[in-house]
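I opened this entry to keep track of what I looked up in the model, beginning with the backbone and ending with the chain as a whole.

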Amino acid sequence: MADLTTDFLGIKSPNPFWLASAPPTDKEYNVRRAFEAGWGGVVWKTLGGEGPPVVNVNGPRYGVIYGADRRVLGINNIELITDRDLYTNLEEIKRVKADYPDRAIIVSIMVPCEEEAWKAILPLVEDTGADGIELNFGCPHGMAERGMGSAVGQVPEYIEMVTRWCKQYYSKPVIVKLTPNITDIRQPAAAAMRGGADAVSLINTINSITSVNLDTMSPEPSIDGKGTHGGYCGPAVKPIAMSMVSEIARNPETAGLPISGIGGVTTWRDAAEYITLGCGNVQVCTAAMTYGFKIVQEMISGLSQWMDEKGHTSIQDFMGAAVPNTTDWQYLNLNFIAKAQINQDDCISCGRCYAACEDTSHQAISMSEDRTFTVIDEECVACNLCVDVCPVENCITMVELEPGTIDPRTGKVVEKDYANWTTHPNNPSATAAE
Ligand SMILES: Cc1cc2nc3c(=O)[nH]c(=O)nc-3n(C[C@H](O)[C@H](O)[C@H](O)COP(=O)(O)O)c2cc1C
């Protein structure tokens, strides 16, 4: 049986599935139920400093993008950090940690960018017995306007400075949570590392407006006729988050920096993908908010079964396995040649492949009078659009041409030695190497 336990920064948890800092982790009641359901760890909903807690809107906090089947693809939220009293949260964290010593509890913190503010809160958090802290440099709304959240995460110098304070005034692991609302994610990650961060976690939410009400002319969610940008998350953001994770994982400057992957994790497969890109664990918010805590059981059994099938005995076995295969465009092998192939037995003659290819691509699919669709190899550049728009899974596939055969499009023999491309004069890396 596959062993799903993880050791992230010395913090042990029975599986790599942690709940991200958000409403699911806002209070003792939720976190206890989450642990009973099987979650390996939680990042407690972000705490602010002493004084009156923040006040949230008393209207809709979420905007949603649905798929055609009304499945939630993305959620946009305008919620702030916890609106519960600091000391109530601290007491609850202490109690839950004492009762669940085998689960990870990380405390997310966001206080003003002043040394005194961090110095004041860190001993209080240390006293809870929680396993570590996560610095929320990510929330893009409400707190950013007050000089916190993404306002810090967008300035590498601030990230480095605050991380340094945390390492000075707190003895356990410090995770820096990054905002995706930035051009080059490698820079804040490197700054966190310079400040002494034990790990980075990403992504927090993406600036977004999900819809505009065309009657009231207000962005939604709308509070008394006015809306504001919120933070986008859920399955829709996973591709963006994974790209950012991979940028950090393969950057020599941040080599070895542990990563906690966040963004759209809904199934065991999503988690496995993040782990292959270098993550030591994953954090989940939208999936839990959409389907409830018990979804973790499907994640656990699915990952475990896949690992057994692949012969992976531990998470470590496949962690980072896709990093060496994630490269820059110029290193892609242009001698690799494939052609689309339509399985006529599966084809339902809908014609979507034909319409897409004929109108917008390479005119590489023909349609006969009886609506039989056939790939024209002389025109096909294997762009994959027909595969992407076909409603029948695996009806159209890309088939690699054997080396030594003739490519009907170019009339050239398919090269045997694919590695030749690295010395091709059109390859920028070949020129750079000269
Ligand atoms: C309603 C809501 C509130 C959130 N609050 C916080 C927060 O207080 N602190 C934080 O670091 N991230 C917060 N997040 C961001 C999540 O922790 C997570 O980074 C993001 O939702 C992406 O993960 P997902 O795609 O699994 O939802 C919040 C997200 C949502 C939807």
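I went to Pro 221 and placed it in the loop between β13 (218–220) and β14 (230–233); in this predicted model, the peptide bond that leads into it from Glu 220 is cis, with omega near 5 degrees. I then noted a cis peptide bond from Leu 202 to Ile 203, where omega is near 15 degrees, and I found Ile 203 in the loop between β10 (199–202) and β11 (206–208).

Next I turned to positive phi values. Leu 9, which is not a glycine, has phi near 60 degrees; I located Leu 9 in the loop between β1 (6–8) and β2 (11–13), and its relative accessible area of 24% makes it partly exposed. For Ser 349 I also read a positive phi, near 60 degrees, in a residue other than glycine; Ser 349 sits in the loop between β17 (338–342) and α11 (352–360) and is partly exposed, with a relative accessible area of 26%. Gly 38, just after α1, takes a positive phi of about 120 degrees.

That brought me to helix α1 (residues 28–37), whose buried residues I listed as Glu 28, Asn 30, Val 31, Ala 34, Phe 35 and Ala 37. Against which elements do the buried residues of α1 pack? I found β3 (17–19), β4 (41–47), α2 (86–99), β7 (104–109) and α10.

I followed α10 (residues 295–310) to Ser 304, which has its place in that helix. Is Ser 304 buried or exposed? Its relative accessibility is 8%, so I count Ser 304 as buried, the cut-off being under 20%. Setting aside neighbours within four places in sequence, I recorded contacts of Ser 304 with Met 1, Ala 2 and Leu 4.

Finally I looked at the whole chain, which has 13 helices and 20 strands. Its radius of gyration is 25 Å, close to the 22 Å that the globule rule gives for 434 residues, so I take the chain to be as compact as a globular protein of that length. The chain is divided into domain 1 (6–317) and domain 2 (341–433), and I noted 41 Å between the C-alpha centres of the two domains. Of the 434 residues, 49% count as buried, while the chain exposes about 20400 Å², with carbon and sulfur atoms supplying 51% of that area. I closed with the charges: there are 33 positive and 55 negative side chains, and the centres of the two sets lie 6 Å apart.

Key. Residues numbered from 1 in each chain as written. Predicted model: local features only at pLDDT ≥ 70, side-chain atom pairs only at ≥ 80, totals over all residues. Heavy atoms only, no water. Helix = DSSP H or I, 4+ residues; strand = E, 2+ residues; numbered from the N terminus. Rg over C-alpha atoms; globule rule 2.2 N^0.38 Å. Buried < 20%, exposed > 50% of the residue type's maximum accessible area, 1.4 Å probe, protein only. Areas by Shrake-Rupley, 256 points an atom, 1.4 Å probe, with all protein chains shown as cover. Lys, Arg positive; Asp, Glu negative; His and termini not counted. Charge placed at Lys NZ, Arg CZ, Asp CG, Glu CD. Contact = heavy atoms within 4.5 Å. Domains from an automatic or database assignment.
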